[in-house]
Amino acid sequence: MANLREILRARFPEHWEEIRQLIREQGDTTISEVTVRQAYGGMRGVKALVCNTSYVDPDKGLFVRGIPIGDLTDRLPEEILFLLLTGELPDAGGLSTLQDELTMRGVVPSYVWDVLEAMPEDSHPMAMLSMAIISMQRESVFKLKYEAGLAKSEFWLAALDDGLTLLARLPIIAAAIFRLRYKRGKRILPNPNLDYGANFANMLGVSEGDDRFTKLVRLYLVLHCDHEGGNVSAFTSRVVGSALSDIYYSLSAGLNGLAGPLHGLANQTSLKYIQSILDAFGKVPNDKELEEFIWATLKTGRVIPGYGHAVLRKTDPRFSAFLEFGKEHCPDDPIFQVVDRMFKIVPKVLKEHGKAKNPWPNVDAGSGSLLFHFGLDMFDFYTVMFAVSRAMGIVSQSVLARGLMAPIIRPKTITDETLRKIIKEKTSAKANKS
Ligand code: AMX
């Protein structure tokens, strides 16, 4: 039986030695250069960090440990977590051991409910989630053991302990936020006989007994699990974790970034936009009407939510998976029909508009419409769903960073003045050469 900890314990020293050797032999080899545009442009495309949990191919989308995300859509979220951490899918024994461990750790301390209940009624659910996570920091095993003099080679084990506890608690906390924030009644207790995704679906208390909703929640958790290490949430968590702040601090920080409109909030904005289309026309608009609506949005200087991406240059396969799900399970839903029609119209308009480097849909273009169909009708909550899934990637990246002794992250910044000086020196050196 492949056990998570045994695999990691065997792998880390070997992997660490490989990295050390590479640094010894090739440490000065250049892998990326930075242009002026990149220095001012959010470091887009600068290859300056290694992330092994996943990779985003601009044309093919997300690969989790080398497997295209489209080939993982029938897997359970727990299998994906195992894959993210170890690089391999679990066998039946490895899966059930992990599931048992998550069930065992899935107990939320009562003070978390006190914290959430004390928050103002109009708090954003993402602020509530972040607050719940940070309130539990006092329980960090990493922090306790570090203070007691934990050996560096054992950092990952304590990080994994914290990570699994957090992951086990997150769906329970997220579902409770949904029920508390939107006055949906009492919390629903976790059911130890259900898998991670089914349990989350059940605790939300919508579409009860509808197998399609359970499938959607599992799919949602799988598709959002990770997206390399340079996106805002993963990168933020990574930077915070590199100071050896524990996973409670680093996950909470990363999720604060996920809450931004250009990142994880886009699924909420995207559905709001779709609803505004339905409101404007009182029906699903035809192609011509929709095209005019899209142009009108662009002319006011706004972006089309759910379209474009910093790395992707083709349709996001995660969007395709949701589209397929919608076509199978709710083809007659007007909101889903707008999603489908936008896919036909928006890329054409964005290409003509000529600004966005990627005119194709990202994951957020369709996910909200499906959640809405099954009764998750509070848009503000969608980023929390995203967060529960993305936490798997962030926790995995953090365990790997500790296992591979990642140092503190500290890139160099320069002033406008220094930058101009560098340009001047380069230009005159070039002129002298010719
Ligand atoms: N609609 C209209 N214009 C868009 C656009 C869109 N969907 N996407 C990009 N553009 C514009 C940009 O605003 C920018 O305009 P500017 O030069 O006037 O500032 C120009 O095209 C170039 O941008 P880019 O290099 O193509 O994109 P980026 O890497 O700077 O940003 C992203 C990427 C996702 C923030 C951007 O495409 C966007 O705002 N999309 C809409 C919001 C969204 O869907 N976000 C979700 C992303 C996925 C995620 O993290 N969940």
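**Walking through the model, starting at P77**

Setting aside residues up to four places away in sequence, P77 touches Y196, G197, R218, L221, V222 and M392 (contact here is heavy atoms within 4.5 Å). Before we follow those contacts, note that this is a predicted model, in which local features need pLDDT of at least 70, side-chain atom pairs count only at pLDDT 80 or more, and totals for chains, interfaces and linings use all residues. Residues are numbered from 1 along each chain as its sequence is written, and side-chain values use heavy atoms, with hydrogens and water left out.

Back to P77, then. It sits in helix α3, which covers residues 77–86 (helices are DSSP runs of H or I with at least four residues, strands are E runs with at least two, both numbered from the N terminus). With a relative accessibility of 0%, P77 counts as buried (buried is under 20% relative accessible area, exposed over 50%, partly exposed in between, with a 1.4 Å probe and protein chains only). If you trace from P77 to N286, you cover 209 residues in sequence and 38 Å in space, C-alpha to C-alpha.

It helps to see how the chain is divided. Domain 1 takes in 45–262 + 380–403, while domain 2 takes in 266–378 (the bounds come from an automatic or database domain assignment). Between the C-alpha centres of domain 1 and domain 2 there are 26 Å. Contacts join the two: 35 residues on the domain 1 side meet 27 residues on the domain 2 side.

What does the largest nonpolar core look like? It has 116 residues, and the members that touch the most others are L129, I173, L204, M342, L376 and F381 (such a core is a set of buried Ala, Val, Leu, Ile, Met, Phe, Trp, Tyr and Cys residues joined through side-chain atoms within 4.5 Å). Helix α8, residues 155–181, supplies the largest share of this core, 17 residues. Domain 1 and domain 2 each give the core at least three residues.

Two of those well-connected members are worth visiting. M342 lies in helix α16 and, at 3% relative accessibility, counts as buried. Beyond its neighbours within four places in sequence, M342 contacts Y273, I274, I277, L290, I294, I304, Y307 and P347. One of these partners, I294, is 48 residues away along the chain, yet the C-alpha atoms of M342 and I294 are separated by 8.9 Å. For L376, again leaving out neighbours within four places, the contacts are F178, L204, V206, F213, L371, F381, Y382 and M385. L204 and F381 appear in this list and also among the core members that touch the most others.

L129 brings us to helix α6, residues 125–135, where eight of the eleven residues are buried, so the helix is largely enclosed by the rest of the structure. The buried set is P125, M126, M128, L129, S130, A132, I133 and S135. Together these residues pack against α5 (110–118), α8, α12 (247–258) and α18 (382–403).

Now look at a pair of helices. Helix α10, residues 211–223, packs with helix α15, residues 317–329, at an angle of about 175 degrees, and their axes are 11 Å apart (axes are lines fitted to C-alpha atoms, for helices over the stretch in contact, and angles run from 0 to 180 degrees between N-to-C directions). On the α10 side the contact uses R212, K215, L216, L219, Y220 and L223, and on the α15 side R318, A321, F322, F325 and H329.

Which residues bring us out to the loops? K183 is in the loop between α8 and α9 (196–204), and at 60% relative accessibility it counts as exposed. Its phi is near 50 degrees, a positive value in a residue other than glycine. E228, in the loop between α10 and α11 (232–242), also has a positive phi, near 65 degrees. At 21% relative accessibility, E228 counts as partly exposed.

K355 belongs to the loop between α16 (334–353) and α17 (367–373), and its relative accessible area of 70% makes it exposed. From K355 to D377 there are 22 residues along the chain and 32 Å between C-alpha atoms. Our last stop is K412, in the loop between α18 and α19 (416–433). K412 is exposed, with a relative accessible area of 73%, and its C-alpha is 14 Å from that of I422, ten residues away in sequence.
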